[in-house]
Amino acid sequence: MRKTEGTPAWSSTIKGLIIHTADEATGTPGPDYMYGWGLANMTRAALAIERSTESVIEQRTLNNGGKYSLNVVATGKSPLKVSICWTDPPAPVTAGNALNDRTKKLIHDLDIRVKRGSREYLPWKLDGLNPALPATRGDNDVDNVEVIEIDSTVI
C-alpha cells in the first residue's frame, strides 16, 4: 500500500481489508446471505494498516500451482483472523437466463489454511442451497475471498 510500501493498493487488497475488519452484523459468526461479511469499520481498517506489528497486509502474485506460506505468532489475547482476497478473471457466460444459476464461476480457486501442529483450520463457507443456514467451516470453492477465524482460547 502506498503508505507502507510505496505502491498503490490493489482492488482486491482494499476489498479484503474491508471484509477482514468488518463488524459482525448478526449474532452468528461468519458471513451470511443477508449482511455478507458484516458492516464496514473504516477505523479498524485504518488501524490495521497503521499497526504493522499487529497486522500483516501483503500483495502477492501466485502462479498457477504455486504455494505461499507465512509463519505468524498469535498472542492468544485476541482471536486470530486470516484472510485472502483476489481478483478472479471473468467466467464464461452461461447459456440461457437461469435465475440463481448454481454453476461455479470461480476460475482461480485459491485456498487458505491455518495449521498448528497437526490441526488444520478451514475458512468460512456458505451453503447456496440452504441460504438460511449459518456459515460453516470447510473448503470454499465458490468465492474469491476466504477468511479463517480462530478463537483466542484455542490458540
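In this report a residue is called buried under 20% relative accessible area, exposed over 50%, and partly exposed in between, with a 1.4 Å probe and protein chains only. By that rule Leu129 is exposed, with a relative accessible area of 67%.

The model is predicted, so local features need pLDDT of at least 70 and side-chain atom pairs count only at pLDDT 80 or more, while totals for chains, interfaces and linings use all residues. Residues are numbered from 1 along each chain as its sequence is written, and side-chain values use heavy atoms, with hydrogens and water left out.

**Buried and exposed residues**

Helices (H or I, at least four residues) and strands (E, at least two) are DSSP runs numbered from the N terminus. Leu129 lies in the loop between S4 and S5. Here are four more residues with their places.

| Residue | Place | Relative accessible area |
|---|---|---|
| Pro90 | loop between strand S1 (80–85) and strand S2 (114–116) | 76%, exposed |
| Lys77 | loop between helix H3 (42–50) and S1 | 75%, exposed |
| Val145 | strand S6 | 5%, buried |
| Asn140 | loop between strand S5 (136–137) and strand S6 (145–150) | 2%, buried |

Some C-alpha separations help to place these residues in the fold. Lys77 and Ser152 are 75 residues apart in sequence and 6.2 Å apart in space. For Leu129 and Arg102, the figures are 27 residues in sequence and 8.6 Å in space. Val145 and Gly30 are 115 residues apart along the chain, with their C-alpha atoms separated by 12 Å. Pro90 and Asn140 are 50 residues apart along the chain, and 18 Å separates their C-alpha atoms.

**Around Asn140 and Trp124**

Buried Asn140 is worth a look for its polar contacts (pairs of N or O atoms within 3.5 Å; within protein, one must be able to donate a hydrogen and the other to accept it, and residues adjacent in sequence count only if both atoms are side-chain atoms). Its side chain reaches the backbone nitrogen of Val142 at 3.1 Å and the backbone oxygen of Trp124 at 3.4 Å.

Trp124 also has a charge over its ring, a term that asks for NZ of Lys or CZ of Arg within 6 Å of the ring centre and within 35 degrees of the ring normal. The charged end of Arg137 sits 3.8 Å from the centre of the Trp124 ring.

**The second largest pocket**

A pocket is an open set of points on a 1 Å grid over the protein atoms alone, where a 1.4 Å probe fits, with protein on both sides within 12 Å along at least five of seven lines; lining residues have an atom within 4 Å of a point. The second largest pocket has a volume of about 610 Å³, the volume being the space filled by probe spheres set on the points. Among its 29 lining residues, Tyr33, Leu126, Gly128, Val142 and Asp143 are the closest to its centre. Helix H2 (11–20) and strand S4 (124–125) are the elements that give two or more residues to this lining.

By class, the lining has 12 nonpolar, 6 polar and 11 charged residues. Ala, Val, Leu, Ile, Met, Phe, Trp, Tyr, Cys and Pro count as nonpolar, Asp, Glu, Lys and Arg as charged, and the others, Gly among them, as polar.
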